[in-house]
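I opened this entry to look up three things in turn: the ligand site, the nonpolar cores and the cysteines.

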Amino acid sequence: MRIDKFVSEQAGVSRSDAKAMIKKSEITVNGAVVKTADAKIDPERDIVAVRGKALSYKQFVYIMLNKPQGVVCATRDGLSSTVLELIPEELRRKGLFPAGRLDKDTEGFVFITDDGALAHKMLSPKNHIEKEYAVTLEKPAEERYIELFSAGITIDGGEKCLPARLIMTEKSDVVRLVLHEGKYHQVKRMMEAVGNKVTHLRRVRMGGILLDESLSSGECREITGEELSELFKNA
Ligand code: URA
């Protein structure tokens, strides 16, 4: 791989910034200063350092973000801040995107990666992973919702949902809802279909990965290898 491409991807800088760093002799490969942007390296073997600090090579990154309200799940937005702006510099790199979206006013678990193949697998209807939401309602939840949702409820516009699992909690106006798909505004529209309204929504689980409750709103961390192996659990 070309050194400028490697530095750009692994240090999360533009290709022209990587070239400028090379010009300034800030990049070394196995201790020797690199002189040209088209020098080739082996990402698996060579030790590339920026101003003396080694870049650890990872083909892909997987990030768990605790999304706050008011931030959009997009790579770019003219008006609002995006989830990508919340990623700290050390985890930032080209090609990151949110795998699955939450509404602007929804909080909680957003999975961010640059692994297109894994994201595609996660989002494909064939093996749509479970997504669990903590839902606060305007009015107390009713037992009848359990049956209606598990049978696959039809929401506005005649769209039929896949069977979903509703779990009551000790609070009458708070439920957990487990979905296997991600239709537009799905939780809100399902609750409207049974005559209720969502007042607060938070995603707490994707597949077998729970949102890390030690992450404050707006914080993120890398997903561990062990967690990643649980992603397709229950799919
Ligand atoms: N369902 C919704 O209505 N909104 C979300 O953000 C996610 C699921």
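My notes follow in that order, and they concern a predicted model.

**Ligand site.** I listed the surroundings of the ligand and found Leu102, Asp103, Thr106, Tyr133, His185, Gln186, Val187, Lys188 and Leu201. Looking then at polar atoms, I noted a ligand nitrogen 2.7 Å from an N or O atom in the side chain of aspartate 103, and a ligand nitrogen 3.0 Å from a backbone N or O atom of valine 187. For glutamine 186, I recorded a polar backbone atom 3.4 Å from an oxygen atom of the ligand. On its own the ligand has 240 Å² of accessible area, of which I found 96% covered by the protein.

**Nonpolar cores.** I next looked up the largest nonpolar core, which holds 34 residues, and saw that Ile112, Val135, Phe149, Leu177, Met190 and Met191 touch the most other members. Among the elements that give two or more residues to this core, I noted β7 (107–113), β8 (131–137), α4 (144–150), β12 (174–179) and α5 (186–193). Leaving aside residues up to four places away in sequence, I found methionine 190 touching Phe149, Ile153, Ile155, Cys161, Ala164, Leu177 and Leu179. I also noted another core lying apart, of 15 residues, including Tyr62, Ala99, Phe111 and Leu231.

**Cysteines.** How many disulfides does the structure hold? I counted zero. For cysteine 73 the closest cysteine sulfur is that of cysteine 220, and I noted no bond there because the 13 Å between them is too far. I entered cysteine 73 as buried, with a relative accessible area of 4%, and cysteine 220 also as buried, at 15% relative accessibility.

Methods: Residues numbered from 1 in each chain as written. Predicted model: local features only at pLDDT ≥ 70, side-chain atom pairs only at ≥ 80, totals over all residues. Heavy atoms only, no water. Disulfide = S-S within 2.5 Å. Buried < 20%, exposed > 50% of the residue type's maximum accessible area, 1.4 Å probe, protein only. Core = buried A, V, L, I, M, F, W, Y, C linked by side-chain atoms within 4.5 Å. Helix = DSSP H or I, 4+ residues; strand = E, 2+ residues; numbered from the N terminus. Contact = heavy atoms within 4.5 Å. Near = heavy atom within 4 Å. Polar contact = N/O pair within 3.5 Å; in protein donor to acceptor, adjacent residues only side chain to side chain. Areas by Shrake-Rupley, 256 points an atom, 1.4 Å probe, with all protein chains shown as cover.
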